[in-house]
Amino acid sequence: NFTKGSDGWDPLSALIADETTGLLSPKAELDVDLTVLGETLHVNGVQTPLQIQVYNLQGSLQARYFVSGNTVLSLSKGFWIIRATAGTQQKIMKVWIP
């Protein structure tokens, strides 16, 4: 149960972007190229430092990388959800490594 404190800070208003609908605003798409070749993820077009997160299909975080330039990351076989974020921008993709 959440109750607003006496300090004037309301964390819920920061989470709700549109008070009419109560929906969060989608993040802008990150302009970075994510390509899977074999068992590697190629990250190209990196202009600013970004974070790469690798999740399994159950949504559990399996790996986290901090990237400041073009790079190649190893992935093991399986289905993965890749999330790249930089500030308020993100790019998400699903991959299958046979």
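How many bridges join strand β2 (residues 33–37) to β3, and do they run parallel or antiparallel? I looked this up in what is a predicted model, and I found 5 bridges between β2 and β3, with the two strands running antiparallel.

**Entry 1: around β3**

I went on to the connection between these strands and noted that β2 and β3 form a hairpin with 2 residues between them. In the turn I checked the backbone of Gly38, which has a positive phi of about 65°. For the register I took Leu37, whose bridge partner in β3 is Thr40. Thr40 also has a bridge partner in β6, namely Ser74, and I recorded that β3 and strand β6 (residues 71–74) pair in the antiparallel sense over 4 bridges.

I then followed the side chains along β3 (residues 40–44) and saw that they alternate. Leu41 and Val43 point to one face and are buried, whereas Thr40, His42 and Asn44 point to the other face and are not buried.

**Entry 2: the open sheet**

Next I wrote down the strand order of an open sheet of 5 strands, which reads β1-β8-β7-β4-β5 and has mixed pairing. Its edge strands are β1 (28–29) and β5 (61–67), each of which pairs on one side only. At the β1 edge I looked at the neighbour β8, and found that 2 bridges join β1 to β8 and that these strands run parallel. There, Glu29 stands opposite Gln90 in β8.

**Entry 3: Gln53**

Is Gln53 buried or exposed? I placed this residue in strand β4 (residues 50–55) and noted a relative accessible area of 6%; because buried means under 20%, Gln53 counts as buried. I also looked for what its side chain touches, and recorded a polar contact between the side chains of Gln53 and Tyr55 at 3.4 Å. Along the chain, Gln53 and Arg83 are 30 residues apart, yet I found their C-alpha atoms separated by 5.1 Å.

**Entry 4: Phe79 and Trp96**

How many aromatic pairs does the structure hold? I found 1 aromatic pair: the rings of Phe79 and Trp96 have their centres 5.8 Å apart and their planes at 20°, so I entered the pair as stacked, given that planes under 30 degrees apart count as stacked. This pair links distant parts of the chain, since Phe79 lies in strand β7 and Trp96 in strand β8 (residues 89–97), 17 residues apart. For Phe79 I noted that strand β7 covers residues 78–86.

I checked the accessibility of both partners as well. Phe79 has a relative accessible area of 49% and is therefore partly exposed, while Trp96, with 52%, is exposed; the cut-off that I needed here is that exposed means over 50%. Finally I looked at the surface around these residues, and recorded that Leu57, Phe79 and Trp96 make a nonpolar surface patch of about 370 Å². Phe79 and Trp96 thus appear in my notes both as the stacked pair and as members of this patch.

Notes:
Residues are numbered from 1 along each chain as its sequence is written. This is a predicted model: local features need pLDDT of at least 70, side-chain atom pairs count only at pLDDT 80 or more; totals for chains, interfaces and linings use all residues. Side-chain values use heavy atoms; hydrogens and water are left out. Patches are made of residues with over 30% relative accessible area and no salt bridge: like charges are joined within 9 Å, nonpolar side chains (Val, Leu, Ile, Met, Phe, Trp, Tyr) within 5 Å. Accessible areas come from the Shrake-Rupley method with a 1.4 Å probe; for residues, only the protein chains shown count as cover. A salt bridge is a side-chain nitrogen of Lys or Arg within 4 Å of a carboxyl oxygen of Asp or Glu. Rings of Phe, Tyr and Trp (its six-membered ring) pair if their centres lie within 6.5 Å; planes under 30 degrees apart count as stacked, over 60 as edge-to-face and the rest as tilted. Buried means under 20% relative accessible area, exposed over 50%, partly exposed in between (1.4 Å probe, protein chains only). Two strands pair if DSSP finds at least two bridges between them. A polar contact is a pair of N or O atoms within 3.5 Å; within protein, one must be able to donate a hydrogen and the other to accept it, and residues adjacent in sequence count only if both atoms are side-chain atoms.
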